[in-house]
2 protein chains.
Amino acid sequence: MINTKKYIIEKAERAKKASKKLGLVPTVVKNLALLKIAENILKNSDRIISENLKDIKNAEKQKLSFALIDRLKLNEKRIISMADGLKQIAKLPDLIGEVIEKIKRPNGLKIERIRVPLGVIGIIYESRPNVTVDSVGLCLKSGNCTILRGGSEAINSNKILSKIIYETAYSSGIPDGSIEFIDNTNRIIISEMIHLSDYIDCIIPRGGEGLIKYIRENSSVPVIAHGKGVCHIYVDKYADIEKAIKISFNAKVQRPGVCNAMETLLVHKEIAEKFLPIMIAEYKKAGVEIRGCEKTRRIINGIKFATENDWYAEYLDLILSVKVVSSIDEAIMHIEKYGSHHSDAIVTENKKFAEKFLKEVDSAAVYHNASTRFTDGSEFGMGAEIGISTQKMHARGPMGLRELTSYKFVVHGNGQIKK
Amino acid sequence: MINTKKYIIEKAERAKKASKKLGLVPTVVKNLALLKIAENILKNSDRIISENLKDIKNAEKQKLSFALIDRLKLNEKRIISMADGLKQIAKLPDLIGEVIEKIKRPNGLKIERIRVPLGVIGIIYESRPNVTVDSVGLCLKSGNCTILRGGSEAINSNKILSKIIYETAYSSGIPDGSIEFIDNTNRIIISEMIHLSDYIDCIIPRGGEGLIKYIRENSSVPVIAHGKGVCHIYVDKYADIEKAIKISFNAKVQRPGVCNAMETLLVHKEIAEKFLPIMIAEYKKAGVEIRGCEKTRRIINGIKFATENDWYAEYLDLILSVKVVSSIDEAIMHIEKYGSHHSDAIVTENKKFAEKFLKEVDSAAVYHNASTRFTDGSEFGMGAEIGISTQKMHARGPMGLRELTSYKFVVHGNGQIKK
């Protein structure tokens, strides 16, 4: 215990020290480092794949799920995509130093609100080794030092990736200590890390609900939580049926395992008899299991009954719960009660109802006549994202470079004193 | 224990419910409510003063410090100032609903980032009863519900103030439950409150270091911490001596008990022999106790030796530690090591050194040739403030209305689906 504490504090101290320098590194140095890292990742793809294979073999030995092993896997295509991500980040504008606001006061003080990095960001994540590369890329560009703590299942992949990253970064002029990788997979490290508020400015947990809940409840370092996505589509009575079918199908089926996929479909009673038979036939063709409320089951034969737990569920799978509602207010109340305030959509041709829904549904992203699947940094034009925040403080929804920054007030005077 | 839990959850549930409505209340209703509350506070000033007298008598019985009793005290002048604060807030622009950013995507999606309230804000505070009025004013204007938990020492004052506030607010069209006052002074309430992340979006603690530390370390609700202010003035070798004296005097003496007052004066060795004798003579006239480093004591006879603890100290009193440094780098290193990243100033006529200081000192507010005493919402043109954040996440420095908000993404489509 004492040793792990010493180990993590030493890393955190190095990162803290480096953060004083990284925030001042010129854009060109950061961009060249990002491009060089991309190049060296591509050059070393054979080594990366062979290290990744060790993780895959361990995972198979431990009989981990197919989905988890799939997330763990690195192949040529995925490595190219990681490198492309870095090149993309290098192209994005550098926001550090940006003057967000200028204020001139009657006493002559000139105040500027200037964008600065957050400082040191702790990333605690599970399985997917691309998180190592994506996170460092975004943090480096936004002048933030990172302390990376990946899961034990990806330890060999993360080790080789982080080694390539920090060796390349440091030889490209990035200050030593800017990227600290924790190669100790003891879980005690996490509980030490989330209490280092003297060194770490922010913790971003990425992983399962259990990990995120543990960190939110125990961290004394501020956390940006990426919670689950229980997303809804509400098909209003004034919906265009064709749009409703296209959008509802896309939101469930196009990629069911992600947080912005729909989990519950709400349908107005006056359109349900026309809409649901066609819609559910489409879903059945795609292999979607339907769990319906009493009214849904009266319209469609032979489907399972949705329990209270279904309304709260993030299936991340080809399962959908369906509820017929009597009004837009009932739909909104359902979303507020069971949803996770991630992404929710209304399909309607009625402008007033659309506005009501967009205003009253308290979610990070609210949609009118579009699929919830667009809640994503690159789809929102941010270039890249470190995740999707489901909290309201600091950042909400997709988090890009801007959401990884803070600001300081720079005050220019000529001798002003307070009267 | 079970009863206090039930008590606080009921209040939190009411606030959460009200927050769905308060965020949609029109500006005019909020402004009229603020003006009416101001009016009723003035009308009831006799009652307020007599309730406040109970707190003062209790405080005297318990032999609380003069400073604390002074903070507790309400008189006609202070009541007028609270009411003026509310009128001021009513005049500020309503930021809720503001379109912060518009993004048009190649697929035709129109995305708007729209300002929304945080939701429910828990304010945990000590002594000063004006916090009750100021906090509710700012939260109400920014569409946030408040749960107020003031200290036991001000319970009678807070009770009457909050009663006037919520009765007036509710009769002016503010939704029931928008302002919840906790009249139970059992400390267990705090530990319950900081775990209600299903109901409370943000906790703002205002009070002593102990309270803030406890909340930061234990809260599972996101916290905006208002930490201590160990502020510095660095008198550079290129300083204009007259400005340096005026600014250093003001920052220490004008109001020593506040967080933006200076606690440590750093002086370049090449100006120290000229500057310090005049400066310290001024301080002595004002009754300031000086604690100096070895070099300071070589220049000025008969002053105390500053210990390591002095460099970390937030005196909030007429005490000042003084250190002679060999370079601007030593000054910056000192500030980074011992400071609290609140407000720090350089006095110099050298532009390059000023820029270096403003860039490298990692504090919420950094000054060139001005007193640190300006770090304050109204001095920064925000109209009013709920406090000064010393953290980097969400808000840094003075927090006005804007810092009490979040945003949501509103996406307008015409049938877009993810490819």
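The legends below describe close-up views of a predicted model, with chain A, its contact with chain B, and a strand pairing between them.

Local features need pLDDT of at least 70 and side-chain atom pairs count only at pLDDT 80 or more, while totals for chains, interfaces and linings use all residues. Residues are numbered from 1 along each chain as its sequence is written, and chains are lettered from A in the order in which they are written.

**View 1. Overall form of chain A.** The C-alpha trace of chain A spans about 70 × 70 × 40 Å along its principal axes. Its radius of gyration, taken over C-alpha atoms, is 24 Å, which agrees with the value near 22 Å for a compact globule of 419 residues (the rule being 2.2 Å times the number of residues to the power 0.38). Of these 419 residues, 53% count as buried, meaning that 20 or more other C-beta atoms, placed from the backbone, lie within 10 Å of the residue's own.

**View 2. The side of chain B that touches chain A.** Here 55 residues of chain B are in contact with 56 residues of chain A, contact being C-beta atoms, placed from the backbone, within 7 Å. Among the elements giving two or more residues to this side are α9 (209–218) and α10 (241–253) of chain B, and the largest share, 11 residues, comes from β16(B) (strands are DSSP runs of E, at least two residues, and helices runs of H or I, at least four, numbered from the N terminus).

**View 3. Strand pairing between the chains.** Strand β13 (residues 365–370) of chain A and β16(B) pair in the parallel sense over 5 bridges, where pairing requires that DSSP finds at least two bridges between the strands. Within this view, Ala365(A) stands opposite Phe409(B) in β16(B).

Note on methods. Two residues are in contact if their C-beta atoms, placed from the backbone, lie within 7 Å. A residue is buried if 20 or more other C-beta atoms lie within 10 Å of its own, exposed if 12 or fewer, and partly exposed in between; C-beta atoms are placed from the backbone.
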